[in-house]
Amino acid sequence: MREVNNFIAGCFQPSQSGRTFDKRSPINNQVIATIAEADRSDVDQAVAAARAALKGEWGQLSADQRVAMLYEVADEITRRFDDFVEAEMADTGQPEHVMKHVFIPRGAANFKIFADVIKNVASESFRMATPDGLGALNYSLRVPKGVIGVISPWNAPFMLMTWKVGPALACGNTVVVKPSEETPLTAALLGEVMNKVGVPAGVYNVVNGFGPDSAGAFVTEHPEVDAITFTGETRTGTAIMKAAAEGTRDVSFEMGGKNAGIIFADCDFDKAVDGIFRSAFLNTGQVCLGTERLYVERPIFDKFVSALKAKAEAVKYGSPLDHATNFGPLISREHQQKVLSYYKKAEQEGATVVTGGGIPDMPPELAEGNWVQPTIWTGLADDAAVCTEEIFGPCCHIRPFDSESEVVALANNTNYGLATTIWTTNLSRAHRLAEQVEVGITWINSWFLRDLRTPFGGSKQSGIGREGGVHSLEFYTETRNVCIKL
Ligand code: NAD
């Protein structure tokens with residue numbers, strides 16, 4: 001059994017109250033780790049360590065020195081690749097190949113990409129005229145914002161947490177991370193990496209626990225936390241925004257979605273089916289960018305539904321260690337119950353269940369896991385709960401459409417605005433639609449593909465701000481103007 005402690009000022013330590021909570025495996029619900037639950041005094045200590053580190057050795061490093069250190073962090077993650085893969089698999093129950101090819105490499109890349117951004121960042125300057133004819137020179141300074149509170153979710157824990165920690169450190173800040181209570185293992189491993197490569201104590205801190213009345217709230221309410229970056233559900237974002245209002249602290253939010261997939265009859269059919277299959281079912285549908293609403297042009301509607309059904313029925317459930325497995329469990333029993341409640345609701349709302357709708361038969365050693373079947377519905381009204389609310393499970397509703405204007409209106413008929421995936425071989429149409437869909441990212445003939453230098457974030461209730469490449473500087477630094485009279 002693992003014991004996971006908080007990581008404060010470079011040391012792993014139990015919580016001062018001695019409180020712990022259990023981490024269960026998604027594949028069988030057995031307890032796999034005991035986690036120290038940080039109380040307010042632990043969070044105070046972590047924030048104080050982060051504040052002190054800003055003024056200490058870390059704060060004295062040049063950008064080049066920070067860049068070199070972040071490269072070492074990335075290299076050490078790569079050296080300990082198998083440990084990260086194993087920890088993330090244990091936490092999430094997701095197949096090994098997803099960890100090996102997507103989530104853990106992206107974690108390492110998140111340090112390198114932002115190190116590169118910092119290396120190349122320029123400062124603006126303006127020469128202005130003055131009445132005496134001599135002029136003045138204005139230039140900008142970018143300074144770290146300070147102590148950043150990082151609140152992260154469980155669905156791609158290491159990738160999403162480092163997506164915040166990488167730019168925060170590259171810009172010279174320090175962090176107090178509150179990983180999801182469901183997935184604490186890789187955040188702790190990263191503490192070992194930080195110590196190994198000599199990142200000064202207090203630069204990276206981890207406090208474990210839950211949201212309200214626990215470590216999450218203690219971090220976001222803390223007056224010495226200068227800004228908060230959060231990935232998670234929209235309603236949690238609302239609670240965090242209220243906490244951040246005290247002290248008018250800045251926030252960056254990446255939140256929920258109810259993303260549309262739009263498939264035109266002129267698409268490359270097989271590629272579209274493969275792409276949509278991934279977008280609906282990768283990570284057991286627990287991807288914020290995943291597709292839960294599908295709109296298929298009427299001439300290929302029946303053919304598309306049959307092809308997606310065939311792929312959904314061919315998934316291989318199982319242990320993440322079995323190389324044949326391509327479909328894991330949901331993260332927790334609670335989330336399984338939530339997803340199953342939507343499966344029931346869809347039937348009550350009159351859906352035609354094309355496939356799935358329940359729990360698969362599993363062998364005895366996995367029977368207690370959080371399994372659900374990939375599920376496809378048709379025939380629901382546009383305002384049905386499963387067509388409007390984020391389920392965050394392996395399921396989608398498919399509806400036919402007849403015209404471009406109709407499908408744009410359908411896609412935009414939501415309070416969310418995270419992502420859209422559009423499949424067509426008509427490039428003019430692709431450009432037209434990309435301008436009209438109200439989302440942070442539009443994929444054309446692809447999904448989940450993105451250069452990390454590009455802006456990432458959500459429109460409407462899917463987010464506030466953009467992170468990625470130089471866009472992250474807007475949140476992780478403060479710009480100051482210096483005006484010199486010549
Ligand atoms: P969640 O909002 O329940 O939890 C996220 C984190 O917030 C956890 O660490 C949790 O402990 C913490 N938290 C909860 N309540 C809090 C509070 N009152 N104060 C401070 N912290 C609090 O989300 P989740 O279930 O972990 O993740 C799934 C959600 O995340 C989905 O809605 C998904 O769409 C979204 N998500 C969005 C993106 C994106 O980039 N837009 C990426 C991944 C996940």
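**Entry 1: starting at a strand pair**

I began in β20, where I444 is the bridge partner of I422. I then looked at how the two strands run: β19 (residues 419-423) and β20 pair in the parallel sense, over four bridges. A reminder to myself before going on: this is a predicted model.

**Entry 2: the sheet around that pair**

I followed the strands outward and got an open sheet of seven, in the order β15-β16-β17-β14-β13-β19-β20. The pairing in this sheet is mixed. I checked the edges next: they are β15 (352-355) and β20 (441-444), and each has a single partner strand, so one side of each has no neighbour in the sheet. For the twist I noted an average of 25° from one strand to the next.

Which helix lies across β13, β14, β15, β16 and β17? I found α11 (residues 301-312) there, running at about 165° to β17. For my own map, β13 is 259-263, β14 is 291-297, β16 is 375-378 and β17 is 395-401. Helix α12 (residues 333-348) packs on the sheet too, touching β15, β16 and β17. I wrote down its direction as about 20° from that of β16.

**Entry 3: the sheet of three strands**

I went back to the start of the chain. Three strands make an open sheet here, ordered β1-β5-β4, again with mixed pairing. Why is one side of β1 and of β4 left without a neighbour in the sheet? Both stand at the edges, β1 as 2-4 and β4 as 20-24, and each has a single partner strand, so nothing in the sheet sits on the other side. The twist averages 25° from one strand to the next.

I looked at β1 and β5 (residues 31-36) more closely and counted three bridges between them, with the strands running parallel. One pair I marked is E3 with its bridge partner T34 in β5. Helix α4 (residues 81-92) packs on this sheet and touches β1, β4 and β5. Its direction makes about 90° with that of β1.

**Entry 4: a salt bridge I wanted to see**

I ran through the charged pairs and the total came to 31 salt bridges. I picked out R2 with E86, whose closest N and O atoms are 2.8 Å apart. This one ties distant parts of the chain together: R2 is in strand β1 and E86 is in helix α4, 84 residues apart.

**Entry 5: where the two domains meet**

I took the split as domain 1 (2-255 + 462-485) and domain 2 (259-451). Their C-alpha centres lie 31 Å apart. How many residues are in contact on each side? I have 27 from domain 1 and 33 from domain 2.

The two domains bury about 2300 Å² between them, with 56% of that on carbon and sulfur atoms. I looked for the main contributors in domain 1: I27, W154 and S462 supply 24% of the area it buries against domain 2, more than any other three residues.

Then I checked the polar side. I found zero salt bridges across the interface of domain 1 and domain 2, but 12 residue pairs in polar contact between them. The elements giving two or more residues to the side of domain 1 that touches domain 2 are α4, α5 (96-119) and α6 (157-170). The most comes from α5, with six residues. I also noted that α4 turns up twice in my pages, here at the interface and earlier packed on the sheet with β1, β4 and β5.

Methods: Residues are numbered from 1 along each chain as its sequence is written. This is a predicted model: local features need pLDDT of at least 70, side-chain atom pairs count only at pLDDT 80 or more; totals for chains, interfaces and linings use all residues. Side-chain values use heavy atoms; hydrogens and water are left out. Two strands pair if DSSP finds at least two bridges between them. Axes are lines fitted to C-alpha atoms, for helices over the stretch in contact, and angles run from 0 to 180 degrees between N-to-C directions. Contact means heavy atoms within 4.5 Å. Domain bounds come from an automatic or database domain assignment. Buried area is the accessible area (1.4 Å probe) that two parts lose on being put together, summed over both. A salt bridge is a side-chain nitrogen of Lys or Arg within 4 Å of a carboxyl oxygen of Asp or Glu. A polar contact is a pair of N or O atoms within 3.5 Å; within protein, one must be able to donate a hydrogen and the other to accept it, and residues adjacent in sequence count only if both atoms are side-chain atoms.
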